[in-house]
Amino acid sequence: MSQGPRSGLAAVSSALLAMSRHLEVRDVLKTIVASARELLDAQYAALGVPDDHGGFAQFVVDGVTDAQWKAIGPLPRQHGILAAMLHEAKVERLADVRKDPRFEGWPSAHPEMSDFLGLPVRDGEEIIGALFLANKNCPKPEGSCGFTAEDEDLLSILAQHAAIALTNARLYERSRELTIAEERSRLAHELHDAVSQKLFSLRLTAQAAAALVDRDPSRAKDELQQVAVLAAEAADELRAAVVELRPAALDEDGLLATLRTQVQVLDRAHTARVTFASSGFRALPAAQEEALLRVAQEALHNALRHSGADHVDVTVNRRGGGAVLRVTDDGSGFDPHLTRRAGRHLGLVSMRDRASGAGGTLTVESAPGKGTTIEMEVPGG
């Protein structure tokens, strides 16, 4: 086996564990290429996921700077050596990729590459990607390949596990899409139930006020005041629903900015005071940040809709290499054990599933009349 800076069984184990730690497809791809480059001590590594139109749906590199990658230009097409790995499904180990008859050149900003090792990533009979490395960091005579047969075997093992990790990530993203659809359906039902009831009451109260204007102006005034209250409550329900339906801007803004914005909107939309604070937080993998956001949203939903709280506080702080989310309210509280036995989970099952799926834990502290604290902790990436 090639002797790189991290060779041997421990290095293989570390690479496989790193791949299994992530659930987002993009994170899995980046981990695969970084692990392959380090494991085989190569200067460059890349992994391409093909689309159905002769190009790549995703193409991730390691060893190339952001400035270099930007200067290289658009994603490559499926041609030359890349096409061979995708369509002929065999390993390619070359002393100099530039001298191969299938080589068709590369953009002027592309780094120079010589010795090359590449192979397809397969899920059963389906080729789901192409993994390759270039420029082995070792002395090599002119015209010879630095990559060895042992490197080829090692990369094949890594590719098999990469296929599993990539397939799992795709399944996770698909399940997340279904979960989002379910959440939207839930919100649609809530919107219908809550706002429709408010509007119905609003209509009846307005009709009563109209009937009383001439014969009992005082009572008509009281009814009109109730109309104003019901209209404000309906507006609160609508604003809250819009906040939950709006897609979270995690990719653009990150967890803290996204949570802070949603808390500010909820604070304006509800009579309860809603606050947000954070300390020492460091960015986490996308799957963990989304889980934290969704649990925070569910906990806020419970506190604002069901607890009658005057204050709801949201905090996100660093804990070890990970983070801890805490949503605390001073509302009516409940007995978690009785709630579970009665079959009314208040979203606790969903929150626990999200925490577990992100490798974290969820704890619930509550009692009748004592408010509620939801705490979720996730490890570092």
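Q: Why is the sulfur of Cys 145 not bonded to another cysteine sulfur?
A: The idea is to look at the distance between sulfurs: a disulfide needs a pair of cysteine sulfur atoms within 2.5 Å. In this predicted model, the closest cysteine sulfur to that of Cys 145 belongs to Cys 138 and lies 8.3 Å away, so the two are too far apart for a bond. Cys 138 is likewise in no disulfide, and the count for the structure comes to zero.

Q: Are those two cysteines buried, exposed or partly exposed?
A: Here you read the relative accessible area, where buried means under 20% and exposed means over 50%. Cys 138 has 28% and is therefore partly exposed. Cys 145 has 23%, so Cys 145 counts as partly exposed too.

Q: What does the protein look like as a whole, in secondary structure and burial?
A: Start with the totals. There are 10 helices and 10 strands, and of the 381 residues, 43% are buried. The exposed area is about 19600 Å², with 52% of it supplied by carbon and sulfur atoms. Among contacts with a separation of 6 or more, 62% link residues 24 or more positions apart.

Q: How do I read a sheet, and what is the order of the strands in the one that contains S1?
A: Strands of a sheet pair through backbone hydrogen bonds, in a parallel or an antiparallel way. In this case five strands make an open sheet with antiparallel pairing, ordered S2-S1-S5-S4-S3. Strand S2 (56-62) and strand S3 (92-94) are at the edges; each has a single partner strand, so one side of each has no neighbour in the sheet. On average, neighbouring strands are turned by 15° against each other, direction ignored.

Q: How many bridges join S1 and S2?
A: Strand S1 (residues 42-50) pairs with S2 over six bridges, in the antiparallel sense. To find your place along the pair, look at Ala 46, which stands opposite Val 61 in S2.

Q: Which helices pack on this sheet?
A: Contacts tell you which strands a helix touches, and the angle tells you how their directions compare. H2 packs on the sheet and touches S1, S2, strand S4 (116-123) and strand S5 (126-136), with its direction at about 40° to that of S2. Helix H4 (residues 80-87) packs on the sheet as well, touching S1, S2, S3, S4 and S5; the direction of H4 makes about 140° with that of S5.

Q: What is the span of H2, and which of its residues are buried?
A: A span check compares the helix with its expected length. Helix H2 (residues 25-40) has 16 residues and reaches 23 Å from first C-alpha to last, close to the 22 Å expected at 1.5 Å a residue. Its buried residues include Val 25, Val 28, Leu 29, Ile 32 and Leu 39, and also Asp 27 and Thr 31. Just after H2 comes Asp 41, with a positive phi near 55°.

Q: What is the strand order and pairing in the sheet that holds S8?
A: This open sheet has five strands in the order S6-S7-S8-S10-S9, and its pairing is mixed. Strand S6 (273-279) and strand S9 (361-366) form the edges, each with a single partner strand, so one side of each is left without a neighbour in the sheet. Neighbouring strands are turned by 10° on average, direction ignored. Strand S8 (residues 322-329) and strand S10 (residues 372-378) run antiparallel and are joined by seven bridges, with Val 327 opposite Ile 374 in S10. Helix H10 (residues 348-357) packs on this sheet, touching S9 and S10, and its direction makes about 145° with that of S9.

Terms used: Residues are numbered from 1 along each chain as its sequence is written. This is a predicted model: local features need pLDDT of at least 70, side-chain atom pairs count only at pLDDT 80 or more; totals for chains, interfaces and linings use all residues. Side-chain values use heavy atoms; hydrogens and water are left out. Helices (H or I, at least four residues) and strands (E, at least two) are DSSP runs, numbered from the N terminus. Buried means under 20% relative accessible area, exposed over 50%, partly exposed in between (1.4 Å probe, protein chains only). Contact means heavy atoms within 4.5 Å. Accessible areas come from the Shrake-Rupley method with a 1.4 Å probe; for residues, only the protein chains shown count as cover. The expected span of a helix is 1.5 Å times one less than its number of residues. Two strands pair if DSSP finds at least two bridges between them. Axes are lines fitted to C-alpha atoms, for helices over the stretch in contact, and angles run from 0 to 180 degrees between N-to-C directions.
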